[in-house]
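Me: I'm new to this one. Could you walk me through how to read it?

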Amino acid sequence: TFVSVLFGTLTSIVAEIILDADLDPTITRTLNASAAADAEALMGPWKETTGFAWFDVIGFHTHSGNINLALPLCTSLLLALNARWSPTTKYTTLKEAYTYVEGEIFKCRTRTGEYSGSASGAATLASEAQEAEEKEAGAGGGGGKKKKKKSSANKRAGNPRQVFAKKMEGMWNDLASSEVRQESLKKPSSYDLISLNRQYECADHPSLYEEGKVLVSNNKELIRETIKRYQWRIDDDGLRALSAGDYIDIRVSPFKKTYETKAPLLRRNLTCLTVIIFMLTSVCTGLGAFYQAQWIPVTMGLSAAFGALMAYTQVEVRLLRVNAASVSVSRLMTWWWGLSVIEQRIPSNKSFLVGTMETIIQAEAGTIRVASQKE
């Protein structure tokens, strides 16, 4: 769209140049080779005076009509293809499914919430399974059979594998009813050889060490050396059960570092785009003051292009999400480390830790699906 505005402005400027050279703009579009050479010769003195000796004015003016016609058609075609294929919507749907599955995997590995196997954790799925099977038992007309069905439903709802399978079934049903059904999902070529093993470098805050006094000196090198000396490594195979401490090291800490890294980058991008748009607006005002009105559409088009880029990348929204996620993680960890060792081993507190963290991750990704387990 900006290029269309640019070429339209250049076409108008070239038409004025041709008029200044005492040529008819309507005739120059249909000049043959010899007539075009004569017209170019007539503009020779003007080019030398203005410094446009390198610019083929007649050639540009001859083809500018076709260019100004083709560019809006290309823009319309791209917009139509984007509306037809909806790549952004499909990407968002797949990212939502990815984030949701990853969160359910960690809930299953930590045995929290519905995966805990307790009656309270499996209440939701158990009630659904009981309701369905009670209807089936009622249709059969056997009271004893009905109780047996209830017991079977509770047992199956508390099985983490069954719970995870039911969650994945719901996720696939959501994908099947979305716009992704109009595309084909292809298994990656390296899927069968994918390695689940990951290593995580973990470290406590330096203030927790005996050498915590290094913080007083503000010596960053000394702080880094202290942290490196007390680091430990966790090897995760992607399958084993996780304790609350392992979950914090494998899941919470990496995301906390990611949020702390992303926020300055997003702020810098937002600042740069905002300053550029402000400067282009100021330049537009200056062009009007210095009687260069022909360049105002170009400046406004460029400003609109940067504004559209900011809206498309959602820099401001993403920055708000990252900051909110960073604050939420800090509050969550403050609550967690405020618990005693005994309280940290209470299943409900562990479930709240995992459930809240997964909710924060989904909220930052813009794909929130579940609510926090505690207020």
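Reply: Let's take a helix pair, then a pocket, then a single residue. This is a predicted model, where local features need pLDDT of at least 70, side-chain atom pairs count only at pLDDT 80 or more, and totals for chains, interfaces and linings use all residues. Residues are numbered from 1 along each chain as its sequence is written, and side-chain values use heavy atoms, with hydrogens and water left out.

Me: At what angle do helix 14 and helix 16 pack?

Reply: Angles run from 0 to 180 degrees between N-to-C directions, and over 145 counts as roughly antiparallel. Helix 14 (residues 315–337) and helix 16 (residues 347–364) pack at about 170°, axes 9 Å apart, so they are roughly antiparallel. Among the residues that meet (contact is heavy atoms within 4.5 Å) are Val-329 and Trp-336 in helix 14, and Phe-352 and Ile-360 in helix 16.

Me: What lines the largest pocket?

Reply: Rolling a probe the size of a water molecule over the atoms shows where empty space is left. Here the largest pocket holds about 1,500 Å³ of space. Its lining has 36 residues, with Tyr-98, Val-101, Ile-105, Tyr-191 and Leu-196 nearest the centre. Helix 6 gives the most, 9 residues. By class, the lining has 23 nonpolar, 4 polar and 9 charged residues.

Me: Is Glu-358 buried or exposed?

Reply: Buried means under 20% relative accessible area, exposed over 50%. Glu-358, in helix 16, has 0% relative accessibility, so it counts as buried. Beyond its neighbours within four places in sequence, Glu-358 touches Gly-103, Phe-106, Lys-107, Tyr-247 and Arg-251.

Definitions and conventions: Helices (H or I, at least four residues) and strands (E, at least two) are DSSP runs, numbered from the N terminus. Angles under 35 degrees count as roughly parallel, over 145 as roughly antiparallel, 65 to 115 as roughly perpendicular and the rest as oblique. On a 1 Å grid over the protein atoms alone, a cavity is a set of points where a 1.4 Å probe fits but cannot get out, and a pocket is an open set with protein on both sides within 12 Å along at least five of seven lines; lining residues have an atom within 4 Å of a point. Grid points are joined across faces, edges and corners, and a volume is the space filled by probe spheres set on the points. Ala, Val, Leu, Ile, Met, Phe, Trp, Tyr, Cys and Pro count as nonpolar, Asp, Glu, Lys and Arg as charged, and the others, Gly among them, as polar. Buried means under 20% relative accessible area, exposed over 50%, partly exposed in between (1.4 Å probe, protein chains only).
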